[in-house]
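Colleague: I have a structure open and would like to learn how to read it. Where should I begin?

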Number of protein chains: 2
Amino acid sequence: MTDDIASRDQSRKASRRGSGRPTIADVAKLAGVAAITVSRALRDPSLVSAELRAEIDTAVSQLGYAPDPNARALASSRADVIGVLVPSLTNIVFADTLRGIYDGLGDGPLQIQMGNTHYSPREEERLIRMFLSQRPSAMIVSGIDQTETTRKLLESADCPIVQIMEYGDGPVDMLVGFSHFDGGKVATNHLIEAGYRRIGFIGARMDPRSQRRLAGYRSALEAAQLFDPKLVTTTLTPSRVSLGGQLLSDALAKVADLDAVFCNNDDLAMGVLFECQRAGIAVPHRMAICGFNDLDMMHVAYPSLTSIRTPRYEIGRQAVLMVLDRLAGRPIASPIVDLRFELKIRESTMR
Amino acid sequence: MTDDIASRDQSRKASRRGSGRPTIADVAKLAGVAAITVSRALRDPSLVSAELRAEIDTAVSQLGYAPDPNARALASSRADVIGVLVPSLTNIVFADTLRGIYDGLGDGPLQIQMGNTHYSPREEERLIRMFLSQRPSAMIVSGIDQTETTRKLLESADCPIVQIMEYGDGPVDMLVGFSHFDGGKVATNHLIEAGYRRIGFIGARMDPRSQRRLAGYRSALEAAQLFDPKLVTTTLTPSRVSLGGQLLSDALAKVADLDAVFCNNDDLAMGVLFECQRAGIAVPHRMAICGFNDLDMMHVAYPSLTSIRTPRYEIGRQAVLMVLDRLAGRPIASPIVDLRFELKIRESTMR
DNA sequence: TTCCGTAATGATAGCGCTATCATATCGCCA
DNA sequence: TGGCGATATGATAGCGCTATCATTACGGAA
């Protein structure tokens, strides 16, 4: 059989194409079976008798054979790739979600191909077109605010689609997330109940999810007849810790008797805390702070910071598990999953 | 020509295979040229006359044609994919590097396929095998501590390879990073020069790069005859902000007169700061703190925290630019790039 | 005028795999 | 005992693209 391999190598060198690595035909020859049988043994061993399976396994490891995913994708019209679109890589939120996605995946054959939309619907559309052209096994996209065209593309995509991060009606296919509106509302209601009256909103980036948190905040304040447009301080600048202090100063300049802030995210909350420390503003007595996401540092900070804990990791994990279920033909309990959030009350809002 | 399309659809439906989307043959027929000419016009327009190019462009947009990357990869033995291996997704360091990679890529045809090695050399090897089987256009891997087998795999891979994050000799192919040993040394020397004498090291995870920072720390202290094994407090647990405080307590239990800590990374440094605030330990007077990486929050903290600024984003960007240069056949200035770090001195180390 | 290099286009033959249909074998029940 | 469904294997024909070689047209040097 050494001869077989040697002669193969010979013919490889003579021929003008080819990658030089063993193909399924080489394995088949060595195992004394047809190529298609090797293909079956590799993809679903139950289709092949135990004896042949053993022969094939031996041949595979002897040659160090690894199937070519591109050839496989071309022949089966399906790439072992899940396309994942996130709006940002700076944002730790998406890092956590990505981690959940990878963990949910385990070490099967599926690969992740990620695209960064930079919060741009146009870029999202371009990337989806690009991803779909390779007929991925599934797509995971962030948010529910796709353009009309993008939605149509996804609807006609003939693979599982999961929209993540938000909770809402009418998903393209499946959806895993939570309600940002409710998150904003719950956080704000907590501040109201804790006795604060001049509650500001501090927000950066102001993407659709931030807008919904703001809407929740506003709805809570209006219900309590405490809303005042001057209380809202936002910017389109991407969020950074250092922006928190700046926005707090802006807010205080507009509303001198501000006694609490609900921050769009934890980075801003942390920046607000540091600014308060620096300016000698007592937290929570003169100023309460509530964040959003509940990063690890929130419960460690001094004083510890109240926040809305969001299921970022779990969203990624669930999304992938739903995809895997669908690909395996298993039934999905529900195509729409609300993973909820949790208000974590800490020192920063306890007057 | 509508007939052409219609009849194509017909035959599609009748046939048993196929994706249902337009192929290069459809475009060729519509434009009245051979398929290979369309292929050329798409890959290198200069090979095709202006008239045909116009015909082809029209046909492409009329049909909404997008090339199938899988077929392309199979035919050309080269996938438009760059494999990227990172050890962790939790770590913000790699999020920044990833951002650099994506930004360096621009919006060409190249896609990123990422793998998470979880700091395991075995997993790294498995993933590299998997990635190489699709003959990627390039590979970017983290660190320089690959197993012997992994190195051999990469060496025989027939595509550009970039090792990132560290600076060192004898890369597999190309390398972009900085010296972690020097980083640890510079930070520690700064503390010594600032007058601190009982300088602790606090580290989590203790992957190879952390080990090198520790070695740099030790080398600086030994040169000043200040080293004491009790000063070193490490754990294999992954780093978290909340771990910083814990490790500081451990360190203080061993060394009561500890007057400074060099933290393996900024998360720990932040945790140490909060713990000091909570315990009433004055920073920097009774305790100096120096971090590593210089995340945005370091200069905002109160007191602001000294750190080593690392070129995380730039490492990713440079790595991709080098790959692109190589793929385009352009010369590379140097296959080994030291992107340096910078000591940022702030309030936390100024007694 | 002849020849040859260059530019533009095409024909052909795969790349390495799998979908589909065909064939063979083996109980097992009527 | 014949027939029929289940099980195991194989032969064939692509998937959609590009590498390679072939052909044609054209212009300038000899």
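Modeller: We will go through the overall form of chain A and then the surfaces beside the DNA. Note that this is a predicted model.

Colleague: How many helices and strands does chain A have?

Modeller: Chain A has 13 helices and twelve strands. Its radius of gyration is 27 Å, well over the 20 Å that the globule rule gives for 351 residues, so chain A is more spread out than a compact globule. The C-alpha trace spans about 85 × 40 × 35 Å along its principal axes.

Colleague: What share of the residues in chain A is buried?

Modeller: Of its 351 residues, 49% are buried, a label that requires 20 or more other C-beta atoms within 10 Å. As for contacts with a separation of 6 or more, 70% of them in chain A are between residues 24 or more positions apart.

Colleague: Which residues are closest to DNA strand C?

Modeller: The closest are T23(A), I24(A), S39(A), A75(A) and T37(B), out of 29 residues that surround this strand. Helix 3 (35-43) and helix 5 (69-76) of chain A, together with helix 3 (35-43) and helix 5 (69-76) of chain B, each give two or more residues to that surface. Helix 5 of chain A gives the most, with five residues. By type, the surface divides into 15 nonpolar, eight polar and six charged residues.

Colleague: And which element gives the most to the surface near DNA strand D?

Modeller: Helix 5 of chain B does, with five residues. Around DNA strand D there are 29 residues, the closest being T23(B), I24(B), S39(B), A71(B) and A75(B).

Note on methods: Residues are numbered from 1 along each chain as its sequence is written. Chains are lettered from A and ligands numbered from 1 in the order in which they are written. This is a predicted model: local features need pLDDT of at least 70, side-chain atom pairs count only at pLDDT 80 or more; totals for chains, interfaces and linings use all residues. Helices (H or I, at least four residues) and strands (E, at least two) are DSSP runs, numbered from the N terminus. The radius of gyration is taken over C-alpha atoms; the globule rule is 2.2 Å times the number of residues to the power 0.38. A residue is buried if 20 or more other C-beta atoms lie within 10 Å of its own, exposed if 12 or fewer, and partly exposed in between; C-beta atoms are placed from the backbone. Two residues are in contact if their C-beta atoms, placed from the backbone, lie within 7 Å. A residue is near a molecule or strand if its C-beta atom, placed from the backbone, lies within 6 Å of it. Ala, Val, Leu, Ile, Met, Phe, Trp, Tyr, Cys and Pro count as nonpolar, Asp, Glu, Lys and Arg as charged, and the others, Gly among them, as polar.
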